[in-house]
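Here is a short report on one protein chain and its ligand. Keep the structure open while reading.

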Amino acid sequence: MKIATFTTVLLAATLLALPTITAAAEYQPQPFQQGKDVIWLPTPDGLVTKMLDLAKVTTRDVIIDLGSGDGRTVIAAGKRGIRALGIEYNPEMVEFASRAAQKEGVADKVKFVKADLFETDFSEATVITMYLLSSLNLKLRPKILGLKAGTRIVSHAFDMNDWKADDTTTFDGRHAYLWIVPAQTEGRWRSTLGELVIKQNFQFFEGTLQVGGKPVEITNGRINGDRLSFTAGLSQYSGRVSGNRIEGAVSGAASGTWSATLHSDNPVSSPQNH
Ligand SMILES: C[S@@+](CC[C@H](N)C(=O)[O-])C[C@H]1O[C@@H](n2cnc3c(N)ncnc32)[C@H](O)[C@@H]1O
């Protein structure tokens with residue numbers, strides 16, 4: 001009887017201990033679990049696909065997912081042959097995502113690091129993906145606007161307030177937004193055409209261009225990464241911005257090429273960065 005009781009107790013103790021051992025070995029993230037600045041909820045795989053498509057990712061890209069959770073966006077990028085990095089504060093999620101990357105055979109393409117996304121340098125990225133909160137997007141916005149012109153940002157669900165999206169996609173009633181970091185063009189430029197004054201508002205701008213000694217209002221001022229275009233009078237202007245230089249072409253009433261240099265006494269100080 002005593003032996004039977006002892007065996008029963010031992011068996012019960014073993015059974016009780018088992019789930020704990022299994023749970024520790026196979027950590028399973030739980031939807032809505034607490035994160036540092038935002039909870040974990042996964043982006044549905046269908047939307048991950050659409051977000052990568054929206055950014056028109058290629059194998060030349062480097063993708064960084066800010067708050068990478070179980071790693072699904074980073075792993076999906078790896079499966080397209082793209083180098084990708086996940087920044088995640090929760091070390092168990094980092095481990096979980098790293099194991100998933102091994103299982104999916106993309107460990108040579110992707111990496112997960114345990115870090116605070118607000119204290120991480122992500123300037124290496126050509127594409128940033130995120131599923132955070134509007135308030136966190138806004139907090140990140142100045143840093144994002146300082147990235148290389150042409151860097152694409154894709155956010156699941158949350159926008160960037162008055163920085164309007166360049167494009168959007170939907171999946172199963174959910175939305176994702178795309179922004180292309182615009183070149184900083186605010187200021188007075190000495191151009192081969194006459195003085196060009198640009199007042200930039202993210203990917204849009206207004207201002208004037210001196211034509212025949214008179215300032216003409218700019219319309220349709222648009223910046224797409226390092227490319228800019230506008231209309232002044234009866235001509236359309238396009239150009240490529242590289243630091244404090246623009247090289248471009250003009251068509252319409254006038255035709256040919258033009259170039260401009262930012263006045264050295266008027267550095268870029270776009271109000272959007274404040
Ligand atoms: C809503 S989930 C999105 C997960 C993944 N990007 C996706 O779309 O499936 C947000 C993730 O950000 C992580 N997170 C929260 N605050 C963070 C911070 N300050 N630094 C890094 N990661 C953070 C959370 O742990 C969570 O995994």
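The sections below go from the overall make-up to single residues.

## Overall make-up

This is a predicted model. The protein has 274 residues, and 32% of them are buried. Its secondary structure comes to five helices and 15 strands.

Consider the contacts with a separation of 6 or more. Residues 24 or more positions apart account for 51% of these.

## The nonpolar core

The largest nonpolar core holds 59 residues. Within this core, Met51, Ile63, Val74 and Ala77 touch the most other members. At least three residues come from domain 1 (45–180), and at least three from domain 2 (187–273).

Take Ala77 as an example. Beyond its neighbours within four places in sequence, Ala77 contacts Leu52, Val57, Ile63, Ile82 and Ala84.

## Helices α2 and α3

Helix α3 is mostly covered, with six of its eight residues buried. They are Thr73, Val74, Ile75, Ala76, Ala77 and Gly78. The cover over these buried residues includes the helices α2 (45–54) and α4 (91–103). It also includes the strands β1 (62–66), β2, β3 (110–114) and β4 (127–130). After α3 comes Gly81, with a positive phi near 80°.

In α2, the buried residues are Leu47, Val48, Lys50, Met51, Leu52 and Leu54. A lysine, Lys50, is thus on the buried list. The elements covering the buried residues of α2 include α3, β4, β5 (152–156), β6 and β7. Lys56 sits just after α2 and takes a positive phi of about 50°.

## The ligand shell

Which residues are closest to the ligand? They are Gly35, Thr43, Gly67, Gly69 and Tyr131, out of 24 residues that surround the ligand. By class, the shell divides into ten nonpolar, eight polar and six charged residues.

Two elements can be named as contributors. Helix α3 (72–79) and strand β2 (83–88) each supply at least two residues of the shell.

## The β6–β7 hairpin

Strands β6 (residues 167–171) and β7 (residues 174–180) run antiparallel. Five bridges join them. One pairing is that of Thr170, whose bridge partner in β7 is His175.

Two residues lie between the strands of this hairpin. Here Asp172 takes a positive phi near 55°.

## Two residues outside the buried class

Gln34 lies in the loop between α1 (2–25) and α2. Is Gln34 buried or exposed? Gln34 counts as exposed because 9 other C-beta atoms lie within 10 Å, and the cut-off for exposed is 12 or fewer. Gln34 and Asn90 are 56 residues apart in sequence, yet their C-alpha atoms are 9.4 Å apart.

Arg222 belongs to strand β11 (residues 214–224). Arg222 has 14 C-beta neighbours inside 10 Å, so it counts as partly exposed. That class lies between the cut-offs of 12 or fewer for exposed and 20 or more for buried. Not counting residues up to four places away in sequence, Arg222 touches Gln203, Phe204, Leu228 and Ser229. Phe205 is 17 residues from Arg222 along the chain, and the C-alpha atoms of the two are separated by 6.1 Å.

Methods
Residues are numbered from 1 along each chain as its sequence is written. This is a predicted model: local features need pLDDT of at least 70, side-chain atom pairs count only at pLDDT 80 or more; totals for chains, interfaces and linings use all residues. A nonpolar core is a set of buried Ala, Val, Leu, Ile, Met, Phe, Trp, Tyr and Cys residues joined through C-beta atoms within 7 Å. Domain bounds come from an automatic or database domain assignment. Two residues are in contact if their C-beta atoms, placed from the backbone, lie within 7 Å. A residue is near a molecule or strand if its C-beta atom, placed from the backbone, lies within 6 Å of it. Helices (H or I, at least four residues) and strands (E, at least two) are DSSP runs, numbered from the N terminus. Ala, Val, Leu, Ile, Met, Phe, Trp, Tyr, Cys and Pro count as nonpolar, Asp, Glu, Lys and Arg as charged, and the others, Gly among them, as polar. Two strands pair if DSSP finds at least two bridges between them.
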